[in-house]
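This report looks at one helix of a predicted model and at the charged side-chain pairs around it. The sequence and the model come first, and the description follows.

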Amino acid sequence: MPSSRFSGSLSSPKVDVFVDMGNPFLNHTVDGFLKIGTVAATRAAAEESYYILKRGNFSQEKLEHSLKKMCKEGAYWGTVAGVYVGMEYGVERIRGTRDWKNAMVGGALAGALISVASNNKRDRIAVDAITGGAVATAAEFLNYLT
């Protein structure tokens with residue numbers, strides 16, 4: 001049964017939404033999609049607001065363009081994050097341990113899957129897999145430092 005939770009306070013800007021899909025893999029994937037998708041949509045909204053204010057004109061057409069861009073960016077980056085989080089969780093479950101290697105393999109798998117879905121050629125898929133693994137590993141190491 002899907003459920004959700006929302007919490008926040010003035011002292012802590014943390015907002016946590018939990019959607020129970022009945023499966024831990026799906027829970028992690030949806031959580032990654034929602035969190036990063038929201039960040040991407042917010043970034044797009046801030047960027048579009050800046051350009052509208054800079055140009056000094058506002059219209060229904062510009063508002064529709066901004067909303068479409070927010071949805072597109074949120075969906076794209078949410079999907080990328082969901083795939084990555086799901087892959088990392090799956091690797092963790094298969095390996096039975098939690099360490100930086102899960103991030104590396106999960107990032108490489110996510111990079112390759114997103115690249116394949118984008119109809120890229122073999123060389124580009126390999127580069128995207130390497131990049132995904134490198135970025136995920138670097139993020140994991142930076143997370144250990146803080």
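The buried residues of helix 2 are S66, G74, G78, A81, G82, Y84, G86, E88, Y89, G90 and V91. These buried positions pack against helix 1 (24-55), helix 3 (100-117) and helix 4 (122-145). The helix that carries them runs over residues 60-95, has 36 residues and reaches 52 Å from its first C-alpha to its last, which is close to the 52 Å expected at 1.5 Å a residue. Helix 2 is followed by G96, a residue whose phi is positive, near 75°.

**Salt bridges**

The structure holds eight salt bridges, and three of them are set out in the table below, with each distance taken from N to O.

| Pair | Distance, N to O |
|---|---|
| R43 and E47 | 2.9 Å |
| R43 and E73 | 3.2 Å |
| D99 and R95 | 2.7 Å |

How far apart along helix 1 are R43 and E47? The two residues are four residues apart in helix 1, so about one helical turn separates them, and their side chains meet in a salt bridge at 2.9 Å. R43 is partly exposed, with a relative accessible area of 38%, and E47, at 25% relative accessibility, also counts as partly exposed, because the partly exposed class lies between the limits of 20% and 50%.

The side chain of R43 also meets that of E73 in a salt bridge, at 3.2 Å from N to O. This pair links distant parts of the chain, given that R43 lies in helix 1 and E73 in helix 2, 30 residues apart.

The salt bridge between D99 and R95, at 2.7 Å from N to O, brings together side chains of unlike accessibility: D99 counts as buried at 18% relative accessibility, whereas R95 is partly exposed, with a relative accessible area of 36%. The value for D99 falls in the buried class because that class takes in relative accessible areas under 20%. Elsewhere, salt bridges that share partners join R43, E47, E48, K69 and E73 into one network.

Taken together, helix 2 packs through its buried residues against helices 1, 3 and 4, and a salt bridge between R43 and E73 ties helix 1 to helix 2.

Methods:
Residues numbered from 1 in each chain as written. Predicted model: local features only at pLDDT ≥ 70, side-chain atom pairs only at ≥ 80, totals over all residues. Heavy atoms only, no water. Expected span 1.5 Å × (residues − 1). Buried < 20%, exposed > 50% of the residue type's maximum accessible area, 1.4 Å probe, protein only. Contact = heavy atoms within 4.5 Å. Salt bridge = Lys/Arg side-chain N within 4 Å of Asp/Glu carboxyl O.
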